[in-house]
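Dear colleague,

I am handing over the structure we spoke about, and I would be grateful if you could look through it alongside the notes below.

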Amino acid sequence: MTAGMPRILAIMGSGETAPTMTSVHADLLNRLGPPPVPAVMLDTPYGFQENAPEISAKAMQYFRENVRHPIEIASFRRAEATDALAYETMLAQVRQARYVFAGPGSPTYAVSQWRQSAVRQALVEKLETGGCVTFSSAAACTLGRVGLPVYEVYKVGMDPFWFEGLDLVATIGINAAVIPHYNNAEGGTHDTRFCYMGERRLRILEAQLRADEFVLGVDEHTALILDLVAGSATVRGNGAISLRRAGREQRIPAGETVPIDLIRSGGDGGGAPAEVMAPPVEVAGEAAAAPAESPRSVERARNPFMDGVDQRRADFDSALDVGDVDAALAALLSLDGHLWDWSRDTLDSDDMDRARSLMRTMLVRLGGLAHTGMRDPREVVGPFVEAILELRVRARAEHRFDQADALRDVLAGLGVEVRDGRDGSSWELA
């Protein structure tokens, strides 16, 4: 073991290249000795995607500019297409790195490429000799003895099942199936918690686990940091982690540090911030019914990106309501900065497209006001209308009714409607 080197496994629920996890990456890297800290990103989980080079480039830019630590790509996109030199180069990068990161993509694809390689052993050695392994999103699904085939079940429609995972957490005494995106709420009208599985399918999956296994859930934009030297487990970010057995759940919120043995126990050890959720249930198979929500449901995920977009839109609307051009422009500039901060994130939804569309709408609205002006038209034309009305009052008082009518016609032609009453004349813009 490298003297004084921490041994850390960090599991992120999502947001691995988003502003929400920037400080987590930075703090972990800062614990790994003086810079430059050798850091690599495994591109295998997304290696099948046509835009894999773009994802790699965005991740490298994120680490360089946001985290302030450079990262290299340890490339192993497709086992059968990787020659011996490229393969050994990738392994050397992983072994020499103090920080190994993997994130978005397909968990089943990643494991299918890693299974016949020495990648797992290199990661085990990292946890045994010193360094940090950070797995998020799709990569996090591979950490247990069994993993969640998200695409196959949620997108393709296969019956719920587990695939054979890397079983990496078992090497540190945790017999769990890791589920990121635990509090996902993208479904809106249908349950997409538990990495898009929902309660019904998760209960079916739980029934397939061994008696000594449990579900380790990590909320979106949340990280569980397992310090193997200190024997501690720290939760950071926006949500919580969950230790769940047969529908019975214990939540540990962000900001808490607990003994790592509590995680190993699957929540049976007690002595930690806890919240007991749904009672245990028996699941006989696919037809078994489960409520759409547990009696006390996991808090649905907030979307930090869209929350920021919505806040700036509200600021923009409020500024226009009171005619404050500077505040409206400030809201637009703030939105632009917000989009830039999140531009390196590997968003797997259309949130960025929606935000850019909203920004274009805001720009068009502000541009339209450049033509019409922000001031109340009454404020602009009021003094002139009042002067003409005063001339009309004098003309009527002196019985020059033809002139009074002519002045009224002039105002009407300018879009000013004059109303005569007992208390004098009033006017409105037509």
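What follows is an account of one helix, two strand residues and the cysteines.

Please keep in mind throughout that this is a predicted model.

I begin with helix H11, which runs over residues 304-321 and so has 18 residues. From its first C-alpha to its last, H11 reaches 26 Å, which is close to the 26 Å expected at 1.5 Å a residue. At the start of this helix, a side-chain oxygen of Asn303 comes to within 3.1 Å of the backbone nitrogen of Phe305, and Phe305 is itself among the residues of H11 that are buried. The other buried positions in the helix are Pro304, Met306, Gly308, Val309, Phe316, Ala319 and Leu320. Just after H11, Gly323 takes a positive phi of about 70°.

The next two residues both belong to strand S12, which covers residues 240-245: Ile241 lies there, and Arg244 has its place in that strand as well.

Ile241 has a relative accessible area of 0%, and it therefore counts as buried. Leaving aside residues up to four places away in sequence, Ile241 touches Leu216, Gly217, Val218, Leu224, Val235, Gln250, Arg251, Ile252 and Ile263. One of these partners, Leu216, is 25 residues away from Ile241 in sequence, yet the two are 7.2 Å apart in space when taken from C-alpha to C-alpha.

Arg244 is also buried, with a relative accessible area of 2%. Its side chain makes a polar contact with the side chain of Glu199, at 2.8 Å. With residues up to four places away in sequence again left out, Arg244 touches Tyr182, Phe194, Glu199, Leu202, Arg203, Glu206, Phe214, Val215 and Glu249, so that Glu199 appears both in this list and as the partner in the polar contact.

Lastly, the cysteines: the structure holds zero disulfides. For Cys141, the closest cysteine sulfur is that of Cys195, and because the two sulfurs are 4.4 Å apart, they are too far from each other for a bond, the cut-off for a disulfide being 2.5 Å. Cys141 is buried, with a relative accessible area of 1%, and Cys132, at 0% relative accessibility, counts as buried too.

With kind regards

Notes. Residues are numbered from 1 along each chain as its sequence is written. This is a predicted model: local features need pLDDT of at least 70, side-chain atom pairs count only at pLDDT 80 or more; totals for chains, interfaces and linings use all residues. Side-chain values use heavy atoms; hydrogens and water are left out. Helices (H or I, at least four residues) and strands (E, at least two) are DSSP runs, numbered from the N terminus. The expected span of a helix is 1.5 Å times one less than its number of residues. Buried means under 20% relative accessible area, exposed over 50%, partly exposed in between (1.4 Å probe, protein chains only). A polar contact is a pair of N or O atoms within 3.5 Å; within protein, one must be able to donate a hydrogen and the other to accept it, and residues adjacent in sequence count only if both atoms are side-chain atoms. Contact means heavy atoms within 4.5 Å.
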